[in-house]
Amino acid sequence: MSRIPCTKCGAMILPATANANGGLCMPCSQGRGKCERCGISMSSARGDGRFICYECSTTEKIAALPFLDADWKKVEDVDWSRIASNYELFGRDLLRLHAARQGADPAYGMVFQLSQNGVLDIHINTQEGIAGIPAKMRSIANWGKELTDEGWLEKMGLWYTPSWRYDSIGCTLKSEFAPIEDFHYRLHEVLSGADDDQELVSKKFDEARLAAVAAIKASPQYAAIPKTADFRCQTADDDGLDYDTKQQLGA
């Protein structure tokens with residue numbers, strides 16, 4: 001069947017599509033446009049009216065932070081002390097932003113999680129957040145409908161981070177240093193796709209993140225978080241287990 005070009009982006013479309021959308025392809029008829037950077041992906045218009053796809057937008061944000069270096073291709077190319085500093089900078093800024101949100105409600109627990117693809121997640125729960133654990137579990141679990149609030153707390157305890165009020169604070173707080181996380185994710189992909197020893201790649205990312213965690217815990221931003229008298233901070237692996245002992249958190 002013959003096709004005709006979209007009158008806006010030039011994509012070849014069926015005549016029926018053009019007739020239904022005033023000559024436009026479906027994405028263009030929905031207000032989307034071809035990315036002006038790569039010329040391939042479609043995206044919605046940004047606040048400034050430009051059409052920039054997610055990947056190109058991420059590239060722009062990374063380039064805006066001059067201390068990020070996008071030319072590392074192998075493990076030996078990487079300045080791992082700078083990577084540790086990047087993690088520290090982002091983590092400290094997240095805690096700075098979080099402190100205002102948490103207010104005076106003291107935290108009983110904080111978890112630094114060394115997640116997949118070089119990501120460093122920070123989870124925090126507070127005294128008042130304990131009461132919200134049952135509701136959070138009901139929203140994310142497809143089981144346990146018969147459990148009462150007390151049953152949920154008995155079942156899950158206080159250290160299952162997906163049930164916490166402030167789970168993965170980097171996903172909800174708008175830090176100017178958020179492109180650091182995108183950069184580390186991309187770097188992990190590059191190094192994992194190279195001929196490097198994958199165990200060495202994982203080891204280097206873990207070492208950088210552990211160094212950053214130690215620095216963050218010594219920072220004024222960490223000290224400024226209100227804490228209970230029995231507050232505990234733990235470091236977890238990607239499975240949510242204590243990084244060193246491989247036991248359940250809170251044990």
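Start by selecting Phe-90, which you will find in helix α4. You are looking at a predicted model, so read every value on this tour as computed from that prediction.

**Stop 1: Phe-90**

Is Phe-90 buried or exposed? Its relative accessibility is 7%, so Phe-90 counts as buried, the cut-off for that word being under 20%. Now show the neighbours of Phe-90. Leaving out residues up to four places away in sequence, Phe-90 touches Ser-175, Phe-177, Ala-178, Ile-180 and Glu-181. Add Leu-120 to the selection as well: 30 residues separate Phe-90 and Leu-120 along the chain, and their C-alpha atoms are 9.5 Å apart.

**Stop 2: α4 against α8**

Stay with α4 and bring α8 into view. The two axes come within 8 Å and cross at roughly 45°. An angle like this is neither roughly parallel, roughly antiparallel nor roughly perpendicular, and α4 and α8 are therefore oblique to each other. The crossing of α4 past α8 is right-handed.

To see the contact, select these two groups:

- On α4: Trp-80, Ile-83, Ala-84, Tyr-87, Glu-88, Gly-91, Arg-92 and Leu-95.
- On α8: Lys-204, Phe-205, Ala-208, Arg-209, Ala-211, Ala-212, Ala-215 and Ile-216.

Try colouring them by residue type. The residues of this contact divide into 11 nonpolar, 1 polar and 4 charged.

**Stop 3: α7 against α8**

Keep α8 on screen and add α7. Here α7 is residues 179-193 and α8 is residues 198-217. As a reminder of what to look for, two packed helices are described by the angle between their axes and the distance between the axes. For α7 and α8 the angle is about 160° and the axes are 10 Å apart. That makes α7 roughly antiparallel to α8, since angles over 145 degrees are given that description. The crossing of α7 past α8 is right-handed.

Which residues make the contact? From α7, pick His-184, Leu-187, His-188, Leu-191 and Ser-192; from α8, pick Gln-198, Val-201 and Phe-205. This set divides into 4 nonpolar, 4 polar and no charged residues. Notice Phe-205 in particular: Phe-205 is in the contact of α8 with α7 and also in the contact of α8 with α4.

**Stop 4: along α7, and over to α3**

Now look at α7 by itself. This helix has 15 residues and reaches 21 Å from its first C-alpha to its last, close to the 21 Å expected. Select its buried residues: Pro-179, Ile-180, Phe-183, His-184, Leu-187, His-188 and Leu-191. One of them, Ile-180, was already on screen as a residue that Phe-90 touches.

What do the buried residues of α7 pack against? They pack against α3 (54-63), α4 (80-102) and α8. Move to α3, where Cys-56, Ser-57, Thr-58 and Ile-62 are buried. The buried residues of α3 pack against α7.

**Stop 5: α5 against α6**

Select residues 133-140 for α5 and residues 149-156 for α6. Their axes come within 8 Å and cross at roughly 80°. That makes α5 roughly perpendicular to α6. Where the helices meet, α5 brings Ile-133, Pro-134, Met-137 and Arg-138, and α6 brings Asp-149, Trp-152, Leu-153 and Met-156. The contact divides into 6 nonpolar, no polar and 2 charged residues.

**Stop 6: the loop between α6 and α7**

Ser-168 lies in the loop between α6 and α7. At 13% relative accessibility, Ser-168 counts as buried. Thr-172 is found in the loop between α6 and α7 too, but Thr-172 is partly exposed, with a relative accessible area of 48%. Measure across from Thr-172 to Leu-89: they are 83 residues apart along the chain, with 17 Å between their C-alpha atoms.

Check the backbone here too. Most residues other than glycine have a negative phi. Ser-168 is not a glycine, yet has a positive phi of about 50°.

**Stop 7: Asn-117**

For the last stop, select Asn-117, in the loop between β5 (107-114) and β6 (120-126). Asn-117 has a positive phi of about 60° although it is not a glycine. At 28% relative accessibility, Asn-117 counts as partly exposed.

Note on methods: Residues numbered from 1 in each chain as written. Predicted model: local features only at pLDDT ≥ 70, side-chain atom pairs only at ≥ 80, totals over all residues. Heavy atoms only, no water. Axes fitted to C-alpha atoms, helices over the stretch in contact; angles between N-to-C directions. Helix = DSSP H or I, 4+ residues; strand = E, 2+ residues; numbered from the N terminus. Parallel < 35°, antiparallel > 145°, perpendicular 65-115°, else oblique. Left-handed = near helix turned anticlockwise from the far one by under 90°. Contact = heavy atoms within 4.5 Å. Nonpolar A, V, L, I, M, F, W, Y, C, P; charged D, E, K, R; others polar. Expected span 1.5 Å × (residues − 1). Buried < 20%, exposed > 50% of the residue type's maximum accessible area, 1.4 Å probe, protein only.
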